[in-house]
Amino acid sequence: MKFAVVAHRRSATNEALVAAARAWGLDSELVDPHRALTSLDPGDVALARLDIREGLDGIESGTGELERLAAGGVDVRNPPTALVVAHDKLLTARALRLAGLPHPHATLLSPALPAAVPELPVVLKPRFGSWGRDVERCMTAEELDAALVRLQRKPWFREHGVLAQELVEPRGSRLEASAAEPPMPGQKTDAAVDGRIWDLRLVVAGGSVVGAARRIARSGEWRTNAALGAQVEPVEPPPIARALALSAAQATRADLVGVDLLPTPNGGFVVLELNGAVDFRPMYAPLRDVFSDAVAALLEHGVGKPELAAASV
């Protein structure tokens, strides 16, 4: 059996997943969608890791190839339908709402469609967004109008519109685990956050939480993206965070997904968004191998069971 990571980018996460599968004794490689059609056979596993296009106007090419792989008997993890729901923030909002999960109210604003003015304040986000790019916080009607004028120059806005998402106030819960347990290696206590905005990113693989991190926005910044200088530290997420992340992954039927959670003033969390091609690092599980755990969970075998390595024989 082969285990292929199907992606266009040779990211550190993609290569680490391939290396982890090889360590389990599997024939593993990183291939693009077109090559996957000729290199994979029925019974092989394809982990789809198509990302957002650089222009923020949709998902990278390859969904058609993934459908052909599945039709030919390849076990496609993160199938096209799941990738679309995880990457398209409008569809994410609908899936989470249907599942009854806490998620900020969102309204689609499009130059081609009339829409009610959203209740302020809001955060404007590309439907297919990542890395914190073109995300704006609008506190007043004047700020919203000015932001929409600026967005008129963006091709992705003219094609898909923009999501106006309810602003979740950046304050709230302390992590229950921080008060009850000593810090993990590299982990700081809540007091060390110094009032800066933070969120949690949990990585769900095969129905299990395999890693987590807290992302703390740099001073003066309200977005928690690592690409914008956020500090990333390991964390042991409380049970409520784990339950929400697992439910969000199940609602979108994603096999490997990042789930971002924002703390709320009452000590809970809301599901902010999902990432169908989530990048993560060893520090997401400093006491374990997060990539090995992810591969094991995806193949529905417990870590340490010999049958996973035997699967390649």
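Which element gives the most to the lining of the largest pocket? In this predicted model, that element is β13, from which 4 residues enter the lining. The pocket holds about 850 Å³ of space, and among the 46 residues that line it, Arg-201, Arg-215, Asn-225, Asp-260 and Glu-273 lie closest to its centre. At least two lining residues come from each of α1 (12–23), α4, β6 (122–126), β8 (162–166), β9, β12 and β13. Sorted by class, the lining of the largest pocket comprises 23 nonpolar, 9 polar and 14 charged residues.

Helix α9, formed by residues 239–252, contains 14 residues and spans 20 Å between its first and last C-alpha atoms, close to the 20 Å expected at 1.5 Å a residue. Ala-241, Leu-244, Ala-245, Ala-248, Ala-249 and Thr-252 are the buried residues listed for this helix, and they occupy an arc of only 130° around the axis, which places them on the same side of α9. Such an arrangement accords with the geometry of an α-helix, in which 3.6 residues make a turn, so that residues three or four places apart point the same way. On the face turned away from the buried side of α9, the exposed residues are Pro-239 and Gln-250.

The buried residues of α9 pack against two helices, α4 (80–87) and α5 (89–98), and against the strands β9 (198–205), β12 (256–263) and β13 (269–275). Of these packing partners, α4, β9, β12 and β13 also each supply at least two residues to the lining of the largest pocket. Just after α9, Arg-253 adopts a positive phi of about 60°.

Technical notes. Residues are numbered from 1 along each chain as its sequence is written. This is a predicted model: local features need pLDDT of at least 70, side-chain atom pairs count only at pLDDT 80 or more; totals for chains, interfaces and linings use all residues. Side-chain values use heavy atoms; hydrogens and water are left out. The expected span of a helix is 1.5 Å times one less than its number of residues. Buried means under 20% relative accessible area, exposed over 50%, partly exposed in between (1.4 Å probe, protein chains only). The arc is that of the directions from the helix axis to the C-beta atoms. Contact means heavy atoms within 4.5 Å. On a 1 Å grid over the protein atoms alone, a cavity is a set of points where a 1.4 Å probe fits but cannot get out, and a pocket is an open set with protein on both sides within 12 Å along at least five of seven lines; lining residues have an atom within 4 Å of a point. Grid points are joined across faces, edges and corners, and a volume is the space filled by probe spheres set on the points. Ala, Val, Leu, Ile, Met, Phe, Trp, Tyr, Cys and Pro count as nonpolar, Asp, Glu, Lys and Arg as charged, and the others, Gly among them, as polar.
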